[in-house]
Each structure stands twice: as C-alpha cells, then as structure tokens.
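This report goes through one protein model from its overall make-up to single pairs of residues. Please look over the sequence and the structure before reading on.

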Amino acid sequence: MNRMTIANTSKLIFFCGLAGASAGLVLWLFLRAVYLGTEFLWTFVPEMTESPVWYAPAVCTAGGLIIGIFRKKFGDYPQSMFEVLGTVKKTGTYPYNRIAVILTAAVLPLIFGSSVGPEAGMVGVVVAISCWVNDNVKHAGRNTALYSRIGMAVSLSILFYSPLFGFFSATENEDNEKDDIAGGSESTGQAGKVLIYGIAITAALGVIVLLNMIFGRVSHGLPRFDDISITGWDCLMGIVYLICGMALGWIFEKTELLFAIVSRHLPAIVKETLAGLVLGTCVMFLPALAFSGEEQISVLIESYSEYIPAAILILAFCKVLITNMCIQLGLKGGHFFPLIFAAVCLGFGISLMVFPGSPAHAAFGAAVATAGTMGMTLKKPLAVTCLLLLCFPVKAIPCIFIASVIAGTLSKAVGGSKEK
C-alpha cells in the first residue's frame, strides 16, 4: 500500500510539473501575441497615420464589432476565473477542444484597448490544458479539480509575478475541498499541496524565464513604490483610506450588477460595438482608461503630484465604470489590474488633499486603499497581501493585511461574496 501511494504521488507530481511547464509556454505565447498586437495597433499604425483624433474611437469600435461577431459565432468567452472553476466542479472538465477559441477571445479585447486584465482568459486556457492532461495523458490520474486549481495558480503567478499570490488565490477559502492523490483515498494535506503547487509554478516560471532570456521580456508586472511612511498620523488617515477603498470596491460590485442588467437588454454584436464606441470616446479624452492600467501605474507614480486631486479621483471612478462596462458588455477580461489602478488613483487623490508634498504618505494611502478595494472584491486577505507585497515595501505588510482582513470580513458579512 505504501509503494502504491508513493507511485501515485510521484505520478501526480510529474504530471503537475508537466501541466505547469505547458501552461508556462502557452502563457508566454499569449503575452507575446498581446504585446505584438498592441504595439501594431497603438504604436506602429498611429505613427504611420499621425494619430488622428478619431483614431481611438475608430479602433475600439471596430474591435467591439469584431469581438461581437466572434462571440456570436463561437460562444461567450473568455469566462471569469470563478466561472471556469465552477464549470470544472459541475461537469468534471473544461472544453479543451475549444482552446483556440478561448485563446483568441482572450487576446482580442486586450489588443483593442479594453480596460481589462489578462488573467480571466488565461485561467480558462490553462485550465483547459490541465483538463486535457487529466483526460488524455496515460497515468495522469483523475485529478481534474486539483489540476484546474493548479492552472489558476500558475496563471496568476506568472501574470502578476507573484507565486504566493497565485498559490493563495487558488487555495485560500477552498470551502474545505479535498484533492485525492491519483484517485487514492489519501488527501494531499497542506504540506503536499504546497509541494505540488510549488512544482507546477516553478516549472511554469522556469519556462517563462528561459523564453524571456532568449526572446526578451514583454511584461514587467506591477511597479514598485520606493518608500512608504507609517507614522501615527498616517495610521489615523489609514481609517479614511480603508473606508474609501472599501467604498470603491462596493461601487465596483454594484456597477457590475448595473451593467449586467444593461447587457441583458442589448442584442449580441450591438452591445460589444456600443461598448467599443463608448470606450474609444472615453479614451480620446482620458487615455489612461485604456488597457489594464499596469503600465499607467508607473506613470502615475512619477507624475501624480502634477494633477489636481479631483482629477485623479474622477479617474479612479471612471476606471471602475469603464472596466465593468467592458466586462459586462462583451469586451471581457480580468478586473485585478484595473481595480488596482483605480485604487492607487484613489489613494493618491486623497493624499494630495491631506499631505500634498509627501510621496511616502501617498504610497501609504495607495497601499491601504488598494488593500481595502481588493479585500472587498477578492475576499482573500493572504492573496491580497502577497499581491500588494510586489508594489509596496515590506514594512507595509501589517497595514495591508489588517485592511484586507477588515474589508473581506465586512464584505462577507453583508453577503457580498460571489464565490459559491
């Protein structure tokens, strides 16, 4: 029995590593395709045409039309992370025969400037690969649920350059789910789970690092704040930042419902085209509303003090609105990057009103506001803390963790959790 258990565990570890390496390759190809498409549409063509004022509305509207036709023909992709995992839990698999469709559906909104992140589409693709390994590779075992969560962990680890964020996003608050080893009766346990996830994530990161060394890196993840202030006055203001961050998260969830209602009353193709037109018109006046916000955060860190507080606060609110409009009306993708950008804007805007000459306090405000917003929507304090550790100094960890715990607890208390 012990020999069988060891053999089954060895097989599971091997195929988790195989799934991780395969996911790393697909994720790198995905990021490369998005980079090349974005450079062509938003750098090369504008330079050739001298970027007329109507360029953004024209490109985004045409993109919305193309996406609408594609979705009507091939289906409603990409799905959110929770929809993907819910499909696996309900059906026992994910449609890996549609990987090309899911991948294309994930790339199109990103290259046409939609205000969404890449994580939603990539989780679907990687989970589909994981299910294919589970169903078609001999000796892989029947571990669909585990492979699916590993796919989610790998995707988030690479896209956010944070293995711990990927791990806790996939495993925190799992509702006491049990993953069996190769169909056996023994649970992987927490230590075994860490080992298995670690092997898959390491394999994926190894592939990504190798390909980046050969062909160059196209994504650098979230930018980092150099310094942060945590004095008594900062902590007192932290209450304000936390409340405002949670309010922004609450607004995100409510406007998500609002745009979902609007979406149900619009026919296919029309709603995607309309979303593209609205997006392009807004981008014409506020270019920072385009794309996920990852690169815009770097620009904001350097130049936020040049703007009036009201302008940055308006940008935060508009980013939330435009992101939900894009997701619900068909220009679909993830919401992590856009929400982080909006929350950083919120923190900067408030800090400019209170301590306008203190970048260290502005970083503190951005950290607490972002922790409040992400805690309110993600409801996973450990995952939020690991994610924001990429942006803020280590000494900010206690404040970030406390803020995310408070926000997540309050959100669950009022019945805001969407994970079921």
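Among contacts in the chain between residues at least 6 apart in sequence, what percentage join residues at least 24 apart? The value is 80%. The model behind this value is predicted.

**Overall make-up**

The chain contains 16 helices and zero strands. It has 420 residues, and 54% of them count as buried. Its accessible surface comes to about 18000 Å², with 69% of that belonging to carbon and sulfur atoms.

**The nonpolar core**

In soluble globular proteins, nonpolar side chains tend to be buried together. The largest nonpolar core of this chain has 123 residues. Those that touch the most other members are Tyr94, Val154, Phe160, Phe165, Phe348 and Phe392. Helix H13 gives the most to this core, with 13 residues.

Phe392 can serve as an example. Apart from its neighbours within four places in sequence, Phe392 is in contact with Arg224, Phe225, Ala363, Ala366, Ala367 and Ile400.

**A nonpolar patch on the surface**

Some nonpolar residues lie on the surface. Trp233, Leu236, Ile239, Ile243, Met353, Val354 and Phe355 form a nonpolar patch there, and together they have about 730 Å² of accessible area. H9 and H13 are the elements that give two or more residues to the patch. The most comes from H9, which gives four residues. Leu236, for instance, has its place in helix H9.

**Salt bridges**

How many salt bridges does a search of the whole structure find? The search finds five. The table gives three of the pairs, among them two that involve Asp76.

| Pair | Closest N to O distance |
|---|---|
| Asp76 and Arg71 | 2.2 Å |
| Lys332 and Asp76 | 3.0 Å |
| Lys379 and Glu253 | 3.0 Å |

Lys332 is in the loop between helix H12 (309-328) and helix H13 (336-354), while Asp76 is in the loop between helix H2 (55-74) and helix H3 (81-91), so this pair ties together parts that are 256 residues apart in sequence. Asp76 itself is partly exposed, at a relative accessible area of 43%. Its two partners in the table are covered further: Arg71 counts as buried at 12% relative accessibility, and Lys332 counts as buried at 11%. Arg71, Asp76 and Lys332 also belong to a network of salt bridges that includes Glu272.

The pair of Lys379 and Glu253 links distant parts of the chain as well. Lys379 sits in the loop between helix H14 (359-378) and helix H15 (381-388), and Glu253 sits in helix H9 (residues 232-264), 126 residues apart. Are these two residues buried or exposed? Both Lys379 and Glu253 are buried.

**Cysteines**

A disulfide is a covalent bond between the sulfur atoms of two cysteines. A search of the whole structure finds zero disulfides. Why does Cys60 not form one? The closest cysteine sulfur to that of Cys60 is in Cys326, and the distance is 8.2 Å, so the two are too far apart for a bond. The cut-off for a disulfide is within 2.5 Å. Cys60 counts as buried, at 2% relative accessibility. Cys345 also counts as buried, at 0%.

Conventions. Residues numbered from 1 in each chain as written. Predicted model: local features only at pLDDT ≥ 70, side-chain atom pairs only at ≥ 80, totals over all residues. Heavy atoms only, no water. Salt bridge = Lys/Arg side-chain N within 4 Å of Asp/Glu carboxyl O. Buried < 20%, exposed > 50% of the residue type's maximum accessible area, 1.4 Å probe, protein only. Patch = residues over 30% accessible without salt bridge, like charges linked within 9 Å, V, L, I, M, F, W, Y side chains within 5 Å. Areas by Shrake-Rupley, 256 points an atom, 1.4 Å probe, with all protein chains shown as cover. Contact = heavy atoms within 4.5 Å. Core = buried A, V, L, I, M, F, W, Y, C linked by side-chain atoms within 4.5 Å.
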